[in-house]
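Morning, everyone. Please bring up the model and keep the sequence beside it.

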Amino acid sequence: MGHAGGRETIVTVVPVLGYHSVSDERREGTLRWSVSPRDFDEQMSLLRQRGHHALTVSEYADVLRRRAPLPARPVLVTFDDGFADVADVALPTLLRYGLAATAFVITSRVGTGHQSGPVLGWGQLQDLRDAGIELGSHSHTHRALDCLRPDELRAETGTSRRILEDRLGAPVMSFAYPYGYHDRRVRGAVVAAGYTAACAVKNALSHGDDDVFAIARVLVERDTGAAGVEAVLSGRDRLLAWSGERLRTRGWRAYRRTRHGLAAMWGE
(Lines give C-alpha, C1' and ligand atoms only; values in the text may rest on other atoms or scores of the structure.)
Protein backbone atom coordinates (compact mmCIF):
# COMPACT_ATOMS: atom_id res chain seq x y z
CA MET A 1 0.00 0.00 0.00
CA GLY A 2 1.00 3.60 -0.54
CA HIS A 3 -0.38 7.12 -0.60
CA ALA A 4 -0.81 9.53 -3.50
CA GLY A 5 -2.23 13.01 -3.04
CA GLY A 6 -3.42 12.09 0.43
CA ARG A 7 -5.34 9.11 -0.85
CA GLU A 8 -4.43 5.52 -0.14
CA THR A 9 -3.45 3.46 -3.19
CA ILE A 10 -3.47 -0.32 -3.26
CA VAL A 11 -0.72 -2.19 -5.09
CA THR A 12 -1.84 -5.41 -6.73
CA VAL A 13 0.66 -8.10 -5.79
CA VAL A 14 1.46 -10.60 -8.54
CA PRO A 15 3.22 -13.77 -7.33
CA VAL A 16 5.41 -15.25 -10.08
CA LEU A 17 6.46 -18.77 -9.10
CA GLY A 18 9.72 -20.10 -10.52
CA TYR A 19 10.08 -23.89 -10.79
CA HIS A 20 12.75 -26.10 -12.33
CA SER A 21 12.16 -29.85 -12.14
CA VAL A 22 9.09 -31.74 -10.87
CA SER A 23 10.60 -35.06 -9.85
CA ASP A 24 11.52 -37.34 -6.95
CA GLU A 25 14.66 -38.54 -8.72
CA ARG A 26 17.77 -37.72 -6.70
CA ARG A 27 20.13 -35.97 -9.09
CA GLU A 28 23.41 -34.57 -7.86
CA GLY A 29 23.30 -30.79 -7.54
CA THR A 30 19.66 -30.36 -8.60
CA LEU A 31 17.60 -31.98 -5.82
CA ARG A 32 17.13 -28.59 -4.14
CA TRP A 33 15.29 -27.37 -7.24
CA SER A 34 13.27 -30.57 -7.84
CA VAL A 35 9.80 -30.27 -6.35
CA SER A 36 8.15 -33.61 -5.75
CA PRO A 37 5.16 -34.39 -8.02
CA ARG A 38 2.97 -34.76 -4.95
CA ASP A 39 3.97 -31.33 -3.62
CA PHE A 40 3.55 -29.74 -7.05
CA ASP A 41 0.02 -31.14 -7.31
CA GLU A 42 -0.80 -29.78 -3.87
CA GLN A 43 0.61 -26.35 -4.77
CA MET A 44 -1.31 -26.13 -8.06
CA SER A 45 -4.47 -27.29 -6.27
CA LEU A 46 -3.92 -24.44 -3.83
CA LEU A 47 -3.83 -21.92 -6.69
CA ARG A 48 -7.14 -23.23 -7.97
CA GLN A 49 -8.75 -23.36 -4.52
CA ARG A 50 -7.78 -19.75 -3.85
CA GLY A 51 -9.26 -18.64 -7.16
CA HIS A 52 -6.04 -17.41 -8.74
CA HIS A 53 -6.03 -16.46 -12.42
CA ALA A 54 -2.89 -17.86 -14.06
CA LEU A 55 -1.27 -15.78 -16.81
CA THR A 56 1.57 -16.57 -19.18
CA VAL A 57 4.59 -14.27 -19.07
CA SER A 58 3.65 -12.66 -22.39
CA GLU A 59 0.08 -12.07 -21.22
CA TYR A 60 1.33 -10.45 -18.02
CA ALA A 61 3.91 -8.35 -19.90
CA ASP A 62 1.17 -7.06 -22.19
CA VAL A 63 -0.85 -5.95 -19.16
CA LEU A 64 2.20 -4.19 -17.69
CA ARG A 65 3.00 -2.37 -20.93
CA ARG A 66 -0.58 -1.19 -21.45
CA ARG A 67 -1.03 -0.50 -17.74
CA ALA A 68 -4.29 -2.36 -18.12
CA PRO A 69 -6.30 -3.72 -15.18
CA LEU A 70 -5.06 -7.04 -13.85
CA PRO A 71 -7.45 -9.95 -13.35
CA ALA A 72 -8.47 -10.85 -9.82
CA ARG A 73 -5.79 -12.79 -7.93
CA PRO A 74 -3.22 -12.92 -10.74
CA VAL A 75 -0.42 -15.49 -10.57
CA LEU A 76 2.26 -16.82 -12.94
CA VAL A 77 3.77 -20.31 -13.02
CA THR A 78 7.15 -20.57 -14.77
CA PHE A 79 9.72 -23.32 -15.37
CA ASP A 80 13.43 -22.89 -16.12
CA ASP A 81 15.94 -25.19 -17.85
CA GLY A 82 13.56 -27.39 -19.85
CA PHE A 83 13.51 -30.61 -17.86
CA ALA A 84 11.51 -33.41 -19.48
CA ASP A 85 9.28 -33.74 -16.43
CA VAL A 86 7.68 -30.39 -17.29
CA ALA A 87 5.89 -32.28 -20.08
CA ASP A 88 5.65 -35.68 -18.39
CA VAL A 89 4.59 -34.61 -14.89
CA ALA A 90 3.84 -30.90 -14.62
CA LEU A 91 1.69 -30.55 -17.74
CA PRO A 92 -0.99 -33.09 -16.73
CA THR A 93 -1.26 -31.36 -13.36
CA LEU A 94 -1.55 -27.91 -14.93
CA LEU A 95 -4.24 -29.14 -17.32
CA ARG A 96 -6.15 -30.81 -14.49
CA TYR A 97 -6.37 -27.52 -12.62
CA GLY A 98 -6.80 -25.35 -15.72
CA LEU A 99 -3.64 -23.30 -15.15
CA ALA A 100 -1.54 -21.50 -17.73
CA ALA A 101 2.26 -21.57 -17.49
CA THR A 102 5.47 -20.56 -19.25
CA ALA A 103 8.48 -22.84 -19.80
CA PHE A 104 11.91 -21.38 -20.57
CA VAL A 105 14.17 -23.59 -22.67
CA ILE A 106 17.96 -23.89 -23.05
CA THR A 107 18.10 -24.57 -26.77
CA SER A 108 21.51 -26.29 -26.91
CA ARG A 109 20.17 -29.02 -24.58
CA VAL A 110 16.91 -29.80 -26.38
CA GLY A 111 16.75 -33.41 -27.48
CA THR A 112 20.04 -34.31 -25.81
CA GLY A 113 21.08 -36.00 -22.61
CA HIS A 114 22.32 -33.75 -19.79
CA GLN A 115 24.04 -34.44 -16.51
CA SER A 116 21.38 -32.59 -14.52
CA GLY A 117 18.62 -34.87 -15.80
CA PRO A 118 16.45 -35.73 -18.84
CA VAL A 119 15.56 -32.67 -20.91
CA LEU A 120 12.68 -31.90 -23.22
CA GLY A 121 12.77 -33.08 -26.82
CA TRP A 122 11.28 -31.20 -29.74
CA GLY A 123 8.21 -33.42 -29.78
CA GLN A 124 7.55 -32.67 -26.10
CA LEU A 125 8.01 -28.95 -26.70
CA GLN A 126 5.43 -29.14 -29.47
CA ASP A 127 3.06 -30.95 -27.10
CA LEU A 128 3.53 -28.21 -24.52
CA ARG A 129 2.85 -25.50 -27.08
CA ASP A 130 -0.23 -27.33 -28.37
CA ALA A 131 -1.51 -27.54 -24.80
CA GLY A 132 -1.27 -23.76 -24.42
CA ILE A 133 1.98 -23.55 -22.47
CA GLU A 134 4.02 -20.53 -23.51
CA LEU A 135 7.57 -21.42 -24.56
CA GLY A 136 10.35 -18.91 -24.00
CA SER A 137 14.12 -18.86 -24.18
CA HIS A 138 16.51 -19.47 -21.30
CA SER A 139 19.47 -18.68 -23.60
CA HIS A 140 21.34 -21.07 -25.87
CA THR A 141 23.89 -22.56 -23.44
CA HIS A 142 22.90 -21.20 -19.99
CA ARG A 143 25.92 -19.00 -19.33
CA ALA A 144 26.05 -16.00 -16.99
CA LEU A 145 25.11 -13.39 -19.58
CA ASP A 146 26.43 -10.37 -17.68
CA CYS A 147 29.96 -11.80 -17.92
CA LEU A 148 29.93 -12.33 -21.70
CA ARG A 149 31.46 -10.30 -24.48
CA PRO A 150 29.04 -8.50 -26.85
CA ASP A 151 29.26 -11.08 -29.63
CA GLU A 152 28.70 -13.95 -27.18
CA LEU A 153 25.76 -12.13 -25.63
CA ARG A 154 24.12 -11.62 -29.01
CA ALA A 155 24.59 -15.30 -29.82
CA GLU A 156 23.09 -16.48 -26.52
CA THR A 157 19.97 -14.35 -26.88
CA GLY A 158 19.42 -14.30 -30.64
CA THR A 159 20.40 -17.87 -31.55
CA SER A 160 18.07 -19.41 -29.00
CA ARG A 161 15.08 -17.44 -30.26
CA ARG A 162 15.76 -18.28 -33.90
CA ILE A 163 16.11 -22.00 -33.15
CA LEU A 164 12.90 -22.15 -31.13
CA GLU A 165 10.90 -20.25 -33.71
CA ASP A 166 12.28 -22.32 -36.59
CA ARG A 167 11.56 -25.64 -34.91
CA LEU A 168 8.20 -24.74 -33.36
CA GLY A 169 6.83 -22.55 -36.12
CA ALA A 170 5.57 -19.94 -33.67
CA PRO A 171 6.79 -16.61 -32.25
CA VAL A 172 8.92 -16.74 -29.09
CA MET A 173 8.52 -13.52 -27.15
CA SER A 174 9.73 -14.14 -23.59
CA PHE A 175 13.15 -14.74 -22.04
CA ALA A 176 14.45 -15.79 -18.62
CA TYR A 177 17.94 -14.71 -17.56
CA PRO A 178 20.14 -17.69 -16.57
CA TYR A 179 20.72 -17.53 -12.80
CA GLY A 180 18.73 -14.29 -12.90
CA TYR A 181 21.92 -12.41 -13.88
CA HIS A 182 21.32 -9.33 -16.01
CA ASP A 183 22.42 -5.74 -16.39
CA ARG A 184 21.78 -2.90 -18.83
CA ARG A 185 23.81 -4.60 -21.58
CA VAL A 186 22.04 -7.93 -21.16
CA ARG A 187 18.64 -6.27 -21.13
CA GLY A 188 19.57 -4.36 -24.29
CA ALA A 189 20.59 -7.58 -26.05
CA VAL A 190 17.30 -9.23 -25.09
CA VAL A 191 15.35 -6.26 -26.48
CA ALA A 192 17.47 -6.22 -29.66
CA ALA A 193 16.85 -9.95 -30.18
CA GLY A 194 13.13 -9.22 -30.44
CA TYR A 195 11.79 -10.40 -27.09
CA THR A 196 9.01 -8.38 -25.47
CA ALA A 197 9.44 -9.58 -21.87
CA ALA A 198 12.05 -11.11 -19.59
CA CYS A 199 12.01 -12.75 -16.17
CA ALA A 200 14.59 -12.13 -13.49
CA VAL A 201 14.55 -13.72 -10.02
CA LYS A 202 14.88 -11.30 -7.06
CA ASN A 203 12.81 -13.64 -4.83
CA ALA A 204 10.36 -10.77 -4.50
CA LEU A 205 6.77 -10.17 -5.52
CA SER A 206 5.92 -8.63 -8.85
CA HIS A 207 3.30 -5.90 -9.17
CA GLY A 208 1.67 -3.59 -11.70
CA ASP A 209 4.69 -1.25 -11.80
CA ASP A 210 7.26 -4.02 -12.25
CA ASP A 211 9.87 -3.86 -15.02
CA VAL A 212 8.62 -5.83 -18.04
CA PHE A 213 12.24 -6.84 -18.79
CA ALA A 214 13.06 -7.84 -15.21
CA ILE A 215 9.88 -9.43 -13.89
CA ALA A 216 10.43 -10.53 -10.31
CA ARG A 217 9.97 -14.18 -9.42
CA VAL A 218 10.08 -16.30 -6.26
CA LEU A 219 11.93 -19.58 -6.72
CA VAL A 220 10.12 -22.64 -5.38
CA GLU A 221 12.48 -25.15 -3.78
CA ARG A 222 11.98 -28.75 -2.74
CA ASP A 223 11.28 -27.85 0.88
CA THR A 224 9.02 -24.86 0.13
CA GLY A 225 5.88 -26.94 0.45
CA ALA A 226 2.28 -25.84 0.14
CA ALA A 227 2.60 -23.63 3.22
CA GLY A 228 5.51 -21.76 1.66
CA VAL A 229 3.65 -21.25 -1.60
CA GLU A 230 0.56 -20.13 0.31
CA ALA A 231 2.69 -17.51 2.10
CA VAL A 232 3.94 -16.22 -1.25
CA LEU A 233 0.41 -16.09 -2.66
CA SER A 234 -0.71 -14.16 0.42
CA GLY A 235 2.15 -11.68 0.06
CA ARG A 236 3.59 -12.50 3.46
CA ASP A 237 7.30 -12.20 4.25
CA ARG A 238 8.22 -11.05 0.71
CA LEU A 239 9.30 -7.63 -0.51
CA LEU A 240 7.71 -5.99 -3.51
CA ALA A 241 10.03 -5.94 -6.52
CA TRP A 242 12.25 -2.87 -6.63
CA SER A 243 13.39 -0.86 -9.64
CA GLY A 244 17.05 -0.82 -10.65
CA GLU A 245 19.78 -2.86 -8.99
CA ARG A 246 20.86 -3.23 -5.43
CA LEU A 247 24.44 -2.41 -4.47
CA ARG A 248 25.16 -5.99 -3.47
CA THR A 249 24.06 -7.17 -6.93
CA ARG A 250 26.59 -4.85 -8.56
CA GLY A 251 29.27 -6.03 -6.16
CA TRP A 252 28.59 -9.70 -6.89
CA ARG A 253 28.76 -9.01 -10.63
CA ALA A 254 32.09 -7.18 -10.27
CA TYR A 255 33.48 -10.17 -8.35
CA ARG A 256 32.32 -12.64 -10.99
CA ARG A 257 33.75 -10.54 -13.81
CA THR A 258 37.06 -10.28 -12.00
CA ARG A 259 37.12 -14.04 -11.54
CA HIS A 260 36.51 -14.47 -15.27
CA GLY A 261 39.27 -11.97 -16.08
CA LEU A 262 36.79 -9.60 -17.73
CA ALA A 263 36.64 -6.71 -15.24
CA ALA A 264 38.82 -4.43 -17.37
CA MET A 265 36.35 -4.72 -20.22
CA TRP A 266 33.77 -2.79 -18.19
CA GLY A 267 36.22 -0.57 -16.34
CA GLU A 268 35.94 -2.43 -13.04
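How many aromatic pairs does the count come to? The count is 6 aromatic pairs. One caution before the details: this is a predicted model.

Start with Y19 and F40. Their ring centres are 5.1 Å apart, and their planes meet at 85°. Planes over 60 degrees apart count as edge-to-face, so that is what we call this pair. Now place the two residues. Y19 is in strand β4, residues 16-19. F40 is in helix α1, residues 37-49. The pair therefore ties together parts 21 residues apart in sequence.

Buried or exposed, these two? Y19 is buried, with a relative accessible area of 0%. F40 is buried too, and its relative accessible area is 0%.

Stay on F40. It forms another aromatic pair, with F79. Here the centres are 5.9 Å apart, with 55° between the planes. That pair is tilted. F79 sits in strand β8, residues 74-79, while F40 is in helix α1. So this pair ties together parts 39 residues apart in sequence. Both F40 and F79 are buried.

Put the pairs together. Y19, F40 and F79 are linked by ring pairs into a cluster.

Next, the core. Which residues have the most contacts inside the largest nonpolar core? They are Y19 and F79. That core has 66 residues. Helix α3, residues 85-97, gives the most to it, with 6 residues. As background, nonpolar side chains tend to be buried together in soluble globular proteins.

What does F79 touch, leaving aside neighbours within four places in sequence? The contacts of F79 include both cluster partners, Y19 and F40. H20 and V22 are also among them. So are V86, A90 and L94. The list of F79 contacts then runs on through A101, T102, A103 and F104.

Back to helix α3 for one more residue. D85 is placed in that helix. D85 is buried, with a relative accessible area of 7%. The cut-off for buried is under 20%. Which residues does D85 contact, again leaving aside neighbours within four places? They are H20, S21, V22, S23, R27 and A90. Among these, H20, V22 and A90 are also contacts of F79.

Last item, away from the cluster. Where does R161 lie? R161 is over the face of Y195, at 5.7 Å from the ring centre.

To recap: ring pairs join Y19, F40 and F79, and Y19 and F79 have the most contacts inside the largest nonpolar core. Thanks.

Conventions
Residues are numbered from 1 along each chain as its sequence is written. This is a predicted model: local features need pLDDT of at least 70, side-chain atom pairs count only at pLDDT 80 or more; totals for chains, interfaces and linings use all residues. Side-chain values use heavy atoms; hydrogens and water are left out. A nonpolar core is a set of buried Ala, Val, Leu, Ile, Met, Phe, Trp, Tyr and Cys residues joined through side-chain atoms within 4.5 Å. Buried means under 20% relative accessible area, exposed over 50%, partly exposed in between (1.4 Å probe, protein chains only). Helices (H or I, at least four residues) and strands (E, at least two) are DSSP runs, numbered from the N terminus. Contact means heavy atoms within 4.5 Å. Rings of Phe, Tyr and Trp (its six-membered ring) pair if their centres lie within 6.5 Å; planes under 30 degrees apart count as stacked, over 60 as edge-to-face and the rest as tilted. A charge sits over a ring if NZ of Lys or CZ of Arg is within 6 Å of the ring centre and within 35 degrees of the ring normal.
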